[in-house]
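Ready for a little practice in reading a protein structure? Take a look at the picture, then work through the exercises one step at a time.

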Amino acid sequence: MTGFQIYKPRLVIVKEINGTPVQGKCSSCKDVIFNTGSNAFAREHKQNLADQFREHFRKVHEREEFNSSGTH
Ligand SMILES: [Zn+2]
């Protein structure tokens, strides 16, 4: 079972305020930063980091992983 390794991009929390992640980045894309805004209480105004990352993942990485023509 060696040699089967997938480097899956993941959300890396960069900054937390009172235990709430306010800034994160993609482990694969160093230029990609996710922000909830500096105010941890303003989370209604922006998507949370997980949602932003999911969107980024869909746009960028899912395309890489599933670039075969199979759709389901
Ligand atoms: Zn990425």
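**Exercise 1.** Does Asn18 count as buried or exposed?

*Solution.* Keep in mind that this model is predicted. Start by locating the residue: Asn18 sits in the loop that links strand S1 (11–17) to strand S2 (20–26). Next, take the neighbour count, which is 7 C-beta atoms inside 10 Å for Asn18. The cut-off for exposed is 12 or fewer. Asn18 therefore counts as exposed. While you are there, check the backbone: phi of Asn18 is near 55°, a positive value in a residue other than glycine.

**Exercise 2.** Decide whether Val22 counts as buried or exposed.

*Solution.* First find Val22, which belongs to strand S2. Then count: Val22 has 22 C-beta neighbours inside 10 Å. A residue is buried at 20 or more, so Val22 counts as buried. Now look across the chain: Asn48 is 26 residues from Val22 in sequence, yet their C-alpha atoms are 8.0 Å apart in space.

**Exercise 3.** Work out the strand order of the sheet and name its edge strands.

*Solution.* Begin with a general idea: strands of a sheet pair through backbone hydrogen bonds, either parallel or antiparallel. Here, 3 strands form an open sheet in the order S1-S2-S3, and the pairing is antiparallel. S1 and strand S3 (33–35) are the edge strands, because each pairs on one side only. From one strand to the next, the twist averages 25°.

**Exercise 4.** How many bridges join S2 to S3?

*Solution.* There are 3 bridges between these antiparallel strands. To follow one residue across, start at Gln23 and you reach its bridge partner in S3, Asn35.

Notes
Residues numbered from 1 in each chain as written. Predicted model: local features only at pLDDT ≥ 70, side-chain atom pairs only at ≥ 80, totals over all residues. Helix = DSSP H or I, 4+ residues; strand = E, 2+ residues; numbered from the N terminus. Pairing = 2+ DSSP bridges. Axes fitted to C-alpha atoms, helices over the stretch in contact; angles between N-to-C directions.
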